[in-house]
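Thanks for coming. I will go through the ligand site and then a small sheet.

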Amino acid sequence: MISYGKQFIDQSDIDAVVKVLKGDWLTQGPIVQKFENDLKSYFGAKYCCAVSNGTAALHLTGLALGWKPGDIVITSPITFLASANCIVYAGATPDFVDIDPLTYIIDPNLVEDKVKTYQSQGKKIKAVIGVDYAGHPCDWKALREIADKYDLQLVNDNCHAMGASYFDDKQYAVKYADVITQSYHPVKHITTGEGGAILTNDPLIDEKIRRLSTHGMTKDSNVLENNDGPWYYEMHEVGYNYRITDFQCALGSSQLKKLDLFVEKRRVIATNYDQMFADIDTFTIPKSRNLMDHAYHLYPLQINFEELNLTKSEFFEKMGKVRINLQVHYIPVHLQPFYKKRYGFNVGDYPLAEKFYDRAVSIPIYPSLTDAEVEKVVENIIDFVELH
Ligand SMILES: Cc1ncc(COP(=O)(O)O)c(C=O)c1O
């Protein structure tokens, strides 16, 4: 079966994990800190807290940024549920801004329009979560300008873009956003099985995130009300157990060494697809704006099914028969029944995201996809178009 995404694990990854399994620390040990240090060096962040998954990273981000009921936080409708759910977890109000139809990431002009619309109603947006969708960085310069102008917090849900460059800089994320979140789910660029991290240059945000990731416990003598002895800790606010294990972090550090190679392989596959599909009228290939180097977590191909007089389901069925497993990223979040019912969103609210959803198909892209498999994918997709 050729899937839309898949991890790449080699002997060095296995050896790294086994070494930790044979040691003293399975969790809360030194390898967690090592992974955090490796992430800090690669992404150029001063602080990093590794956690159990990307959703936990987003949850903790909202709490550390102090989101609360009445706050409005906006994100893109073309993202995984977790980017919006974290707003709901904090009791804040989610809202969305439509995408740039060329790159499928949040459109900064529309972000500013939204800020002004709220302003005219006497309301203020608290934060913007930009999602580097599919591996294409958001227009972070524009988003930072808006954040500074209107005093907004800026979060980068960076789960798809590890290894991407923005103005030739792989360490762009932490230079623009206040907080960065990542996920190391197996389909992502690097994996720890389940896992995630929060990167920031702000020591207070990092401190709060660390505390909340482990039940809200503290041993900081500056805040303790009592001190009964060396075992003593206090809890001043409720936190969670969002810890990651040492053996997962061993895998993470080993994977991180290969990140550039993984991204390179994905780019080669994407270039192949670009060349094969560029001239097909009913297709739109994913594009990058100048000076943004796509990391291709996904290759969202848009197919004009309407013009082909076919449905996306028929396409999925046909590809499934030849054992090619596709996906769609994403069903626009505002169209989920929960968001419609609780917040009143509706079909037509974000037309560019909805049109994208009608046409988008994530076709296979991952480092171990062979040339022969790429050829099989291309042939079957082209067959599908030509036979109709
Ligand atoms: C954009 C985005 N944000 C957040 C997440 C959540 O990460 P995790 O699955 O590690 O909880 C994902 C993962 O699917 C994602 O793609």
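By class, the shell around the ligand is made of six nonpolar, eight polar and two charged residues. Here Ala, Val, Leu, Ile, Met, Phe, Trp, Tyr, Cys and Pro count as nonpolar, Asp, Glu, Lys and Arg as charged, and the others, Gly among them, as polar. Before going on: this is a predicted model, where local features need pLDDT of at least 70 and side-chain atom pairs count only at pLDDT 80 or more, while totals for chains, interfaces and linings use all residues. Residues are numbered from 1 along each chain as its sequence is written, and side-chain values use heavy atoms, with hydrogens and water left out.

Which residues come nearest? Of the 16 around the ligand, they are Gly54, Thr55, Asp157, His160 and Ser183; a residue counts as near if one of its heavy atoms lies within 4 Å.

Now some distances. A backbone N or O atom of Gly54 is 2.8 Å from a ligand oxygen atom. For Thr55, a polar side-chain atom lies 2.5 Å from an oxygen atom of the ligand. Asp157 places a polar side-chain atom 2.7 Å from a ligand nitrogen atom.

H3 gives the shell its largest share, three residues. Helix H3 (54–64) and helix H4 (81–89) each supply at least two; helices are DSSP runs of H or I, at least four residues, and strands are runs of E, at least two, numbered from the N terminus.

Last, the sheet. It is open, with three strands in the order E11-E13-E14 and antiparallel pairing, where pairing takes at least two DSSP bridges between two strands. The edge strands, E11 (283–284) and E14 (360–362), each pair on one side only.

Technical notes. Polar contact = N/O pair within 3.5 Å; in protein donor to acceptor, adjacent residues only side chain to side chain.
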